[in-house]
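Visitor: Please take a close look at a single part of this model, the smaller topic of one chain and how it meets its partner. Then place that part in its surroundings.

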Amino acid sequence: MIIKDKNKNKNYNFNAKIFPGKKAERSYLGILNKFLFIVIIINGIYFVASVNDLSIKGFVLRELRLKSEELQNNNKLVTNKVTELESYENIQKRALGMNLVKAGTIEYITVISEAVARK
Amino acid sequence: MISSKYNRKKSDNGNRLNLVMTVIFLLAGSILLRLYGLQVSKNDLYVALASDQHQVYNKLQPSRGEIYIQNSPVPDGKDFYPVATNKDFALVYAIPKDVKSPAEAADRLYEIFDRKNVEDEVDKMLKEDPYFSATSSDGLGIAAADIKNREEFKAIKRELELETRKKSIVAAYLDKLSKENDPYEPIRYKVEKETLDPYIDELHGLGIDHIMEAYRYYPEFSIGSHLFGFVGFDDSGKIGRYGLENFFNEELTGAPGSIKAERSGNGSLIIVNDREFNEPKNGSDLILTINRSIQFNACQKLNAAALRHGADGGTVIVMEPKTGAIIAMCSWPDYDPNNYGKVDDISIYNNPAVFDQYEPGSIFKIFTMSAGIDQGKVTPESTYNDKGSIKIPGWSKPIKNSDFDTFGGHGTVDMITVLELSLNTGSIHVMQRTGPEVFADYVKKFGFGQKTGIELPGEGSGNIVNLERDVIRPVEVATATFGQGITVTPLQTITAYAAVVNGGILMKPYVVDEIVTSEGERIKTQPQPVRRVISERTSLLLSGMMVRVVEEGHSTRAAVKGYYVGGKTGTAQVAGSGTKGYEAGRTIHTFIGFAPADDPKFVMLVKLNDPKDVAWADSSTAPLFSEIAEFILNYYQVPKER
């Protein structure tokens with residue numbers, strides 16, 4: 001037993017002599033594990049946050065698209081209304097009730113070079 | 001003993017453990033097997049079922065391209081007016097199983113959509129009724145006392161008519177709304193949004209709803225309907241029919257797109273997930289060479305003249321002679337492409353300007369004279385002895401001038417007089433000097449007997465088979481010199497005429513100035529010369545001769561005050577359908593002219609089919625030409641020449 005103890009001690013001492021870094025390794029591993037754990041947590045939070053942000057942006061995009069479509073539709077309505085109002089058929093119908101005088105024969109005035117006021 | 005008991009206990013425990021582990025193993029194994037069966041063996045089935053529930057696939061329809069015309073006298077590339085555009089109309093439908101009171105709903109539908117139209121129809125019917133519009137009792141033989149009660153009777157008749165029509169319409173609505181368990185019944189198509197807006201909530205309460213659908217819309221109604229065509233339906237969906245809508249259907253339609261995405265539990269699309277989106281390619285727009293003001297004016301004046309003269313039909317084409325660009329193209333009778341189904345005869349859809357083939361008559365003398373002068377066989381001052389008629393070898397009857405019965409022979413006349421008085425004998429004389437084969441060759445060079453290639457469907461090529469024989473018969477070539485025995489289309493005639501006045505070059509007619517794709521690419525049409533037909537000198541001489549025709553010949557009513565206008569009338573007989581010879585009393589009147597004479601801004605062909613009140617083209621088409629020409633010259637602000 002004593003020998004074992006001795007051996008134990010010796011063993012320990014032996015280990016300490018032959019494998020001087022094992023205690024250090026264990027501490028390095030521990031640090032690495034903690035580091036990886038923290039990285040996983042951070043990545044996880046980042047992933048959730050980015051997916052959330054993407055979803056929100058997706059909804060915003062959808063809203064903007066709907067608004068753009070609505071504006072385009074309104075624009076088209078207004079354009080069509082303008083086209084209708086500018087139609088000669090419609091103008092003629094509206095003009096009938098306005099007592100307008102139809103333009104008659106057009107006479108052109110010829111400007112003669114001598115016809116210039118002198119004083 | 002203690003150890004064996006211990007060992008036995010230990011062994012019993014081990015067996016129980018093994019049993020439990022076996023059971024667990026078997027359970028796990030069966031679960032794995034089931035998973036394998038679901039996810040591997042029946043993978044396709046479940047993917048398909050899931051996609052059916054969650055996947056969305058929709059075809060995206062492109063927007064149809066629009067058609068524009070020029071909106072200013074000088075095309076500036078900016079000022080256009082849309083003559084064919086897309087507009088949303090409402091499709092009103094009922095959900096009969098949600099309609100609580102069909103009678104009330106039917107009444108309201110009548111009030112909203114039909115009452116005004118019915119009242120207008122009844123008022124129009126009563127106005128056109130000779131009994132109610134008569135001013136004296138003598139013509140109708142009704143007693144004087146009854147006249148006093150006529151207004152009262154009219155009111156009663158009006159009420160009765162309105163009531164009868166209302167009952168019929170409401171009954172039709174009731175029939176649709178009373179169908180139990182029916183989820184959908186269309187009530188009315190193509191309703192203006194403005195008409196519907198004030199009643200949306202009320203109709204919704206009655207179980208009637210609407211959706212917006214895109215339709216083709218033509219804001220100028222029947223103006224230019226033959227040229228533009230319309231959009232109809234076939235098995236594959238919307239398709240352009242007739243006119244430019246048909247010819248450029250592929251360009252105007254574009255290409256459909258698609259969207260493939262996944263749907264969430266509440267039915268909306270999942271944005272962040274994978275999706276395929278192919279944007280639809282909208283149709284290309286067409287910008288035409290047609291001028292809006294000239295087109296409107298020409299069509300209106302043609303419609304009025306056709307009605308005034310009792311004509312069966314009519315055509316006006318205005319063309320820029322130097323380029324072949326079509327500035328206006330109208331035909332009558334026309335139709336409203338917004339309601340293309342409301343026609344009595346579908347033959348109205350054909351564009352007479354390119355489709356109709358007819359014997360042109362005396363306007364063809366221009367081309368006969370061009371051939372003779374160009375060959376140097378005659379000059380404007382060349383003379384011949386006109387006896388009023390001429391005998392043709394192989395034909396028993398002599399060919400006479402149209403005024404032979406009145407004037408007989410005109411004696412020694414020059415070529416200008418031949419055109420002024422439209423002498424058939426003169427045109428035969430020119431052909432005989434030129435030679436039948438050479439004359440026939442000129443007719444082909446002017447483009448007759450072949451299509452012009454304009455971008456419109458249904459174009460006719462005319463018929464000059466009489467002049468294409470190996471051995472041309474004397475009587476056939478003789479009648480061809482004054483436009484009988486051959487057929488041409490109005491478009492061929494004006495195209496050839498443009499060659500006579502523009503210096504001698506035959507130009508290819510075109511109506512589409514530019515095609516603008518949805519990506520913004522612009523494809524411009526360049527004027528295309530086909531060939532030189534006559535020399536510049538010949539063109540100049542013929543132009544001068546035609547001015548004399550308007551100044552002093554049969555076409556004085558085509559003149560426009562202050563301008564030198566050239567042209568020629570033609571009053572052609574109409575070939576009998578199914579019988580030999582010509583139909584008695586039926587004629588086709590044509591006038592073809594240009595202005596101003598020294599630098600023509602336009603050439604115009606005016607045609608009226610069988611006017612009933614006048615015998616000659618100088619009384620029907622020549623004045624119509626003058627009206628439209630005056631408008632065009634003022635519109636272009638062409639300074640007066642005299």
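Guide: pLDDT is the predictor's confidence in each residue, on a scale from 0 to 100. The model is predicted, and chain A averages a pLDDT of 79, with 69% of the residues scoring at least 70. Within chain A, the mean is highest in α2(A), at 91, and lowest in helix α1 (residues 2–18), at 49. Residues 11–17 of chain A have a pLDDT below 50, and beyond near neighbours in sequence this stretch has one contact in the model.

The fold of chain A is simply described. Chain A has three helices and zero strands, and along the sequence the pattern reads α-α-α. Of its 119 residues, 2% count as buried.

A record adds an annotation to chain A. UniProt, in an unreviewed entry, places the feature "transmembrane region" at residues 31–49 of chain A. In the model, residues 31–49 of chain A are 100% helix and 0% strand, and the C-alpha atoms at the two ends are 27 Å apart.

Next comes the contact with chain B. Chain A puts 14 residues into the contact, and chain B also puts in 14 residues. On the side of chain A that touches chain B, α2 (22–86) and α3 (88–96) each supply at least two residues. The most comes from α2(A), with nine residues. By character, the residues on that side of chain A divide into five nonpolar, five polar and four charged.

The surroundings are supplied by chain B. Chain B is divided into domain 1 (102–178) and domain 2 (298–635). Taken over C-alpha atoms, the centres of domain 1 and domain 2 of chain B are separated by 50 Å.

The largest nonpolar core has 121 residues, and those with the most contacts inside it are B:Val316, B:Ile317, B:Val318, B:Met319 and B:Met604. Helix α20 (residues 490–501) of chain B gives the largest share of this core, eight residues. B:Val316 can serve as an example: leaving aside neighbours within four places in sequence, B:Val316 is in contact with B:Ala298, B:Leu302, B:Ala328, B:Cys330, B:Met604, B:Val606 and B:Ile628. Another core, of 12 residues, lies apart from the largest one, and its members include B:Val92, B:Ala106, B:Ile187 and B:Ile208.

Two further places in chain B can be set beside these cores. Helix α17 (residues 424–434) of chain B is mostly covered, with nine of its 11 residues buried. Among the buried residues of α17(B) are B:Asn424, B:Gly426, B:His429 and B:Thr434. Just after α17(B), B:Gly435 takes a positive phi of about 105°.

The other place is B:Ile200, which is found in helix α8 (residues 200–205) of chain B. B:Ile200 counts as partly exposed because it has 15 C-beta neighbours inside 10 Å, whereas a buried residue needs 20 or more. From B:Ile200 to B:His210 the separation is 10 residues in sequence and 8.3 Å in space, C-alpha to C-alpha.

Notes. Residues numbered from 1 in each chain as written. Chains lettered and ligands numbered in written order. Predicted model: local features only at pLDDT ≥ 70, side-chain atom pairs only at ≥ 80, totals over all residues. Contact = placed C-beta atoms within 7 Å. Helix = DSSP H or I, 4+ residues; strand = E, 2+ residues; numbered from the N terminus. Nonpolar A, V, L, I, M, F, W, Y, C, P; charged D, E, K, R; others polar. UniProt positions renumbered as here; feature names shortened; annotations may be inferred. Domains from an automatic or database assignment. Core = buried A, V, L, I, M, F, W, Y, C linked by C-beta atoms within 7 Å.
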